[in-house]
Amino acid sequence: QLRGLNRDLENAQTRLQLSERLAGLGELSAGIAHEINNPVAYISSNLKELGNDMQALLDFVRAIDEASDLLDIKSDYYQELLLAYQRLDIKQVTSVAPARLQDCIRGTERVTQIIADMRKLSRTQSHMQWCQLNDDISSIINIARARLPGNISLQVELTELPEVYCNSSQIGQVVLNILVNAIQALEKE
């Protein structure tokens with residue numbers, strides 16, 4: 001009986017140590033997420049303003065292009081404009097720059113979402129409570145998607161669930177581990 005009690009005590013101590021490590025990891029990842037979030041918010045704000053600036057420049061280039069139609073094509077000014085237009089490849093720049101900017105904005109939005117999901121996942125919850133598991137699972141799936149190779153996509157269909165009395169952090173960790181293991185297995189193929 002004493003051996004059984006000692007084994008139970010050792011198991012409880014192991015679970016407590018694991019719980020403390022997970023709590024520490026959660027605090028660390030929450031701190032990292034906070035530190036990443038500040039520069040990402042700054043970049044995101046500047047990218048949106050840069051979009052307004054770019055639109056003004058594109059409008060200006062369009063106005064110059066229209067005004068150049070009124071110039072004598074043999075004039076020095078027209079020839080300088082034409083050479084600059086060709087040398088700077090303005091046609092290409094004006095066609096791809098807005099899409100590049102939108103890619104950057106979408107990228108910062110994705111980073112912001114991953115940070116929000118990391119914060120949600122890193123919250124230290126060591127007790128049972130009523131939870132909407134689909135919210136946590138959606139966050140976990142977003143984190144897992146960030147680890148997917150470019151040639152693999154993850155399609156998810158969550159069914160509506162009632163609230164469940166559980167420790168959602170532990171369930172979330174299990175789901176994340178399963179997804180990470182699946183991704184790693186796909187990468188080895």
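Asn142 sits in helix H4. This is a predicted model, so please hear every value as computed from it. Is Asn142 buried or exposed? Its relative accessibility is 18%, and the cut-off for buried is under 20%, so Asn142 counts as buried. What does Asn142 touch, once its neighbours within four places in sequence are left aside? The contacts are Arg110, Gln113 and Asp117.

Now the helix around that residue. H4 runs over residues 133-145, which is 13 residues. From first C-alpha to last, H4 reaches 18 Å. The expected figure at 1.5 Å a residue is also 18 Å, and the two are close. H4 is mostly covered, with 10 of its 13 residues buried. On that buried list we find nonpolar residues such as Leu133, Ile137, Ile140, Ile141, Ile143 and Ala144. The list also holds Asn134, Asp136, Ser139 and, again, Asn142.

Next, the core. The largest nonpolar core has 13 residues. Leu176 and Leu179 have the most contacts inside it. Two elements give two or more residues to this core: H4 and helix H5, residues 168-188. Which element gives the most to this core? H4 does, with 6 residues. Take Leu179 as a close-up. Leaving out residues up to four places away in sequence, Leu179 touches Ile140, Ile141 and Ala144. All three of those partners are on the buried list of H4. There is also a second, separate core, of 6 residues. Among its members are Leu47, Met54, Leu58 and Leu101. As background, nonpolar side chains in soluble globular proteins tend to be buried together.

On to the pocket. I am showing the second largest one, with a volume of about 390 Å³. Its lining has 17 residues. Nearest the centre are Val61, Ile64, Leu81, Tyr85 and Ile90. Which helices each supply at least two lining residues? They are H1 (2-68), H2 (76-87) and H3 (90-122). H1 gives the most, at 6 residues. By class, the lining splits into 13 nonpolar, 2 polar and 2 charged residues.

H2 deserves a quick length check. It has 12 residues, and at 1.5 Å a residue they should span 16 Å. The end C-alpha atoms are 16 Å apart, so the model agrees with the expected span. After H2 comes Asp89. This residue is in the loop between H2 and H3. What is the sign of phi at Asp89? Positive, at about 50°, although Asp89 is not a glycine. Is Asp89 buried, partly exposed or exposed? Its relative accessibility is 41%, so Asp89 counts as partly exposed.

Last stop, another loop. Met128 lies between H3 and strand E1, residues 129-131. Met128 is partly exposed as well, because its relative accessible area is 45%. What does Met128 touch, not counting residues up to four places away in sequence? Its contacts are Tyr165, Cys166 and Asn167. For scale, compare Met128 with Ala185. In sequence they are 57 residues apart. In space the separation is 32 Å, C-alpha to C-alpha.

To wrap up, three points to look at on screen. H4 is mostly covered and gives the most to the largest nonpolar core. The second largest pocket draws on H1, H2 and H3. Asp89 carries its positive phi in the loop between H2 and H3.

Note on methods. Residues numbered from 1 in each chain as written. Predicted model: local features only at pLDDT ≥ 70, side-chain atom pairs only at ≥ 80, totals over all residues. Heavy atoms only, no water. 1 Å grid on protein atoms, 1.4 Å probe; cavity = no way out; pocket = protein on both sides within 12 Å on 5 of 7 lines; lining within 4 Å. Points joined across faces, edges and corners; volume = space filled by probe spheres on them. Helix = DSSP H or I, 4+ residues; strand = E, 2+ residues; numbered from the N terminus. Expected span 1.5 Å × (residues − 1). Buried < 20%, exposed > 50% of the residue type's maximum accessible area, 1.4 Å probe, protein only. Core = buried A, V, L, I, M, F, W, Y, C linked by side-chain atoms within 4.5 Å. Contact = heavy atoms within 4.5 Å.
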